[in-house]
Amino acid sequence: MKGIMPEEMEVWYILPAIRRECAKIMVQRGLSQREIAKKLFITEAAVSHYIKGKRGDIEFPESIQKEINQSVTQLLQNGTIIQEFENLCRKIRASGFLCIIHKKYGITPKECEKGEIICLNENGNATVCH
């Protein structure tokens with residue numbers, strides 16, 4: 001099995017978990033599945049799966065949960081999903097959580113294990129992988 005790029009980890013694991021958390025928060029705030037689907041640019045069936053926990057099985061630490069909650073607030077106040085999800089992904093990378101998921105679910109390059117891989121932090125600056 002080949003190594004998995006961090007971007008692939010985001011697509012396969014992080015983004016579905018972000019969508020799940022956003023959907024759950026939006027339900028708590030009284031939005032219908034149809035409204036949630038429109039806000040997240042997904043189908044109502046996908047919203048149902050996220051709410052029932054059938055997709056996005058990564059559990060975020062409390063600090064990231066707070067960031068997701070703030071992003072939902074922004075999104076509901078006319079923020080854009082692209083802007084909010086890009087912000088969240090940057091913060092997740094900067095927190096080192098993406099590296100934890102990468103090591104748990106993927107085969108990391110040997111340079112990563114040696115601390116030689118450079119990832120981008122929330123400010124877009126290069127840092128050594130956690």
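Just after helix H3, Gly 53 takes a positive phi of about 80 degrees. Keep that backbone angle in mind as you look around this predicted model, and start with the helix that comes before the glycine.

In H3, the buried residues are Ala 46, Val 47, Ser 48 and Tyr 50. What do the buried residues of H3 pack against? Their partners are H1 and H2.

**Positive phi elsewhere**

Most residues other than glycine have a negative phi. With that in mind, two loop residues deserve a look. Phe 41 is not a glycine, yet its phi is positive, and Asn 78 also has a positive phi without being a glycine. Here they are side by side, with the loop that holds each one.

| Residue | Phi | Loop | Relative accessible area |
|---|---|---|---|
| Phe 41 | about 55 degrees | between H2 and H3 | 68%, exposed |
| Asn 78 | about 75 degrees | between H4 and H5 | 70%, exposed |

Are these two residues buried or exposed? Phe 41 counts as exposed because its relative accessibility is 68%, and Asn 78 is exposed too, with a value of 70%.

**The whole chain**

Now step back and trace the chain from its start. It has 7 helices and 2 strands, and along the sequence they follow the pattern α-α-α-α-α-α-α-β-β. In other words, the helices come before the strands. The chain has 130 residues, and 38% of them are buried. How far apart in sequence are the residues that touch? Among contacts between residues at least 6 apart, 65% join residues at least 24 apart.

**The nonpolar core**

The largest nonpolar core has 33 residues. Ile 14, Ile 18, Leu 40, Phe 60, Ile 68, Ile 92 and Phe 97 are the ones with the most contacts inside this core. Which helices each supply at least two of its residues? They are H1 (6-28), H2 (33-40), H3 (44-51), H4, H5 and H6 (97-105). H1 gives the largest share, with 10 residues.

Leu 40 is a good one to click on. Leaving aside neighbours within four places in sequence, Leu 40 is in contact with Arg 19, Cys 22, Ala 23, Met 26, Leu 75, Ile 81 and Phe 85.

Another residue to find is Glu 21, which sits in helix H1. Is Glu 21 buried or exposed? Its relative accessible area is 8%, so Glu 21 is buried. Not counting residues up to four places away in sequence, Glu 21 touches Phe 60, Gln 65 and Ile 68. Two of these partners, Phe 60 and Ile 68, are among the core residues with the most contacts.

**A pair of helices**

Finally, look at H4 (residues 62-76) beside H5 (residues 81-95). Their axes come within 10 Å and cross at roughly 165 degrees. Angles over 145 degrees count as roughly antiparallel, and H4 and H5 are therefore roughly antiparallel to each other. The crossing of H4 past H5 is right-handed.

Which residues make this contact? From H4 come Ile 64, Glu 67, Ile 68, Ser 71, Gln 74 and Leu 75, and from H5 come Ile 81, Glu 84, Leu 88, Lys 91, Ile 92 and Ser 95. By type, the residues of this contact divide into 6 nonpolar, 3 polar and 3 charged. An α-helix has 3.6 residues a turn, so residues three or four places apart point the same way. Try following that spacing through the residue numbers of the contact, such as Ile 64, Ile 68 and Ser 71 in H4.

Notes. Residues numbered from 1 in each chain as written. Predicted model: local features only at pLDDT ≥ 70, side-chain atom pairs only at ≥ 80, totals over all residues. Heavy atoms only, no water. Axes fitted to C-alpha atoms, helices over the stretch in contact; angles between N-to-C directions. Helix = DSSP H or I, 4+ residues; strand = E, 2+ residues; numbered from the N terminus. Parallel < 35°, antiparallel > 145°, perpendicular 65-115°, else oblique. Left-handed = near helix turned anticlockwise from the far one by under 90°. Contact = heavy atoms within 4.5 Å. Nonpolar A, V, L, I, M, F, W, Y, C, P; charged D, E, K, R; others polar. Core = buried A, V, L, I, M, F, W, Y, C linked by side-chain atoms within 4.5 Å. Buried < 20%, exposed > 50% of the residue type's maximum accessible area, 1.4 Å probe, protein only.
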